[in-house]
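Colleague: I am new to reading protein models and would love a guided close look at one part. Could you choose a piece, walk me through it slowly, and then show me how it sits in the rest?

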Amino acid sequence: MSKHTGPAGGENGEKTTHFGFRDVPESQKASMVREVFDTVASKYDLMNDLMSGGIHRLWKDTFINELKPRPGMKLLDVAGGTGDIAFRFLKNGGGSVTVCDINYEMLHVGRDRAVDHGLLKNINWTVGDAQKLPLPDHSVDAYTIAFGIRNVTRITEALSEAYRVLRPGGKFQCLEFSKVVVPGFDKLYDTYSFKLLPEIGRFIAGNREAYQYLAESIRQFPDQETFASMIRDAGFERVKYRNLSGGIAAIHSGWRV
């Protein structure tokens with residue numbers, strides 16, 4: 001089982017958490033993650049293509065199909081700065097969406113892409129922290145987060161915030177890299193992630209360290225059962241998950257009853 005919290009204390013007694021395979025003070029992680037995504041924002045689609053072999057596009061289609069957008073549905077998409085989930089939601093019949101991301105550079109990319117897609121209505125872009133969302137209680141019908149929750153400093157706080165902003169009957173849905181469940185494939189995936197991916201990142205994006213962090217952050221994220229338990233602990237009911245591509249990624253969902 002992957003560790004998802006760091007040691008109890010670091011320098012000056014401050015709590016620590018993981019940044020990839022390193023332990024860092026909790027107060028520093030957000031800025032360190034922000035720096036990573038500042039550097040890869042303009043190449044984010046390419047990054048996801050490299051990390052998933054291009055399959056992330058199909059995963060996101062499946063993710064939206066499970067959400068079942070409908071007219072009038074109000075969605076909050078967290079850590080969705082480039083708009084991938086928001087655009088699919090609107091194109092599949094969703095009502096309106098607020099995209100919340102802690103990283104301004106990612107939102108800037110998303111807004112530019114929205115213009116390219118001709119999606120100028122029913123979409124709002126806002127800078128905000130998953131651990132302290134700038135939305136009132138019970139204000140959205142659905143909450144999504146795709147490939148973002150593993151970068152949050154305190155996952156339990158992000159889950160609590162998701163529960164807070166959802167209306168009764170609202171749905172939580174998360175798409176995230178997870179634990180490979182196919183025997184033998186995990187070793188092949190490790191080789192790709194730690195040997196090839198950082199070098200590809202260096203060659204394509206000129207940033208080996210960012211891609212090294214992203215590979216490490218995936219391994220530090222809780223496995224499927226552990227994360228499902230965390231979602232239940234946040235108050236959600238009917239929690240379940242679905243593995244994608246042998247567990248390379250998984251869709252977790254739950255309902256605020």
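Modeller: Happy to! Let us take helix 9 as our part, and keep in mind that this is a predicted model. What covers the buried residues of helix 9? The cover includes two strands that come after it in the chain, strand 8 (237-244) and strand 9 (249-255), along with helix 6 (155-165) and strand 7 (166-177).

Now look at the helix itself, which runs over residues 224-233. Its buried residues are Q224, T226, F227, A228, M230 and I231. A general point helps you read such a list: an α-helix has 3.6 residues a turn, so residues three or four places apart point the same way. Try that on F227 and I231, both of which are on the buried list. After the helix comes G235, and its phi is positive, near 115°.

Next, let us place our helix in the wider protein. The protein has nine helices and nine strands. Of its 257 residues, 54% are buried. Among contacts with a separation of 6 or more, 67% join residues that are 24 or more positions apart.

Where do the nonpolar side chains gather? In soluble globular proteins, they tend to be buried together. Here the largest nonpolar core has 41 residues, and the members that touch the most others are W59, F89, V97, I123 and L175. Helix 8 (residues 208-220) is the biggest giver to this core, supplying six residues. There is also a second, separate core of 27 residues, and F227 from our helix belongs to it, as do I145, V152 and F221.

Back in the largest core, I123 is a good residue to click on. Setting aside residues up to four places away in sequence, I123 touches A86, F87, L90, V97 and V99. F87 turns up again in the surroundings of A114, a residue of helix 5. Beyond its neighbours within four places in sequence, A114 is in contact with F87, L119, L120 and W125. Is A114 buried or exposed? A114 counts as buried because its relative accessibility is 3%, and the limit for buried is under 20%. Its C-alpha atom is 9.6 Å from that of D84, although the two are 30 residues apart along the chain.

For a contrast, try I102, in the loop between strand 4 (96-101) and helix 5 (104-117). With a relative accessible area of 31%, I102 is partly exposed, because that value falls between the 20% and 50% limits. I102 is 22 residues from G80 in sequence, and their C-alpha atoms are 9.5 Å apart.

G80 leads us to an empty space. The structure holds two cavities of 30 Å³ or more, and the largest has a volume of about 90 Å³. It is lined by 13 residues, of which Y44, A79, G80, T82 and A146 are the closest to its centre. Helix 2 (44-52), strand 3 (74-78) and helix 4 (84-91) each give two or more residues to that lining. By type, the lining divides into six nonpolar, four polar and three charged residues.

One last check concerns the cysteines. C100 counts as buried, at 0% relative accessibility, and C174 is buried too, with a relative accessible area of 0%. A disulfide is a covalent bond between the sulfur atoms of two cysteines. How many disulfides does the model have? The count comes to zero.

Technical notes
Residues numbered from 1 in each chain as written. Predicted model: local features only at pLDDT ≥ 70, side-chain atom pairs only at ≥ 80, totals over all residues. Heavy atoms only, no water. Buried < 20%, exposed > 50% of the residue type's maximum accessible area, 1.4 Å probe, protein only. Helix = DSSP H or I, 4+ residues; strand = E, 2+ residues; numbered from the N terminus. Contact = heavy atoms within 4.5 Å. Disulfide = S-S within 2.5 Å. Core = buried A, V, L, I, M, F, W, Y, C linked by side-chain atoms within 4.5 Å. 1 Å grid on protein atoms, 1.4 Å probe; cavity = no way out; pocket = protein on both sides within 12 Å on 5 of 7 lines; lining within 4 Å. Points joined across faces, edges and corners; volume = space filled by probe spheres on them. Nonpolar A, V, L, I, M, F, W, Y, C, P; charged D, E, K, R; others polar.
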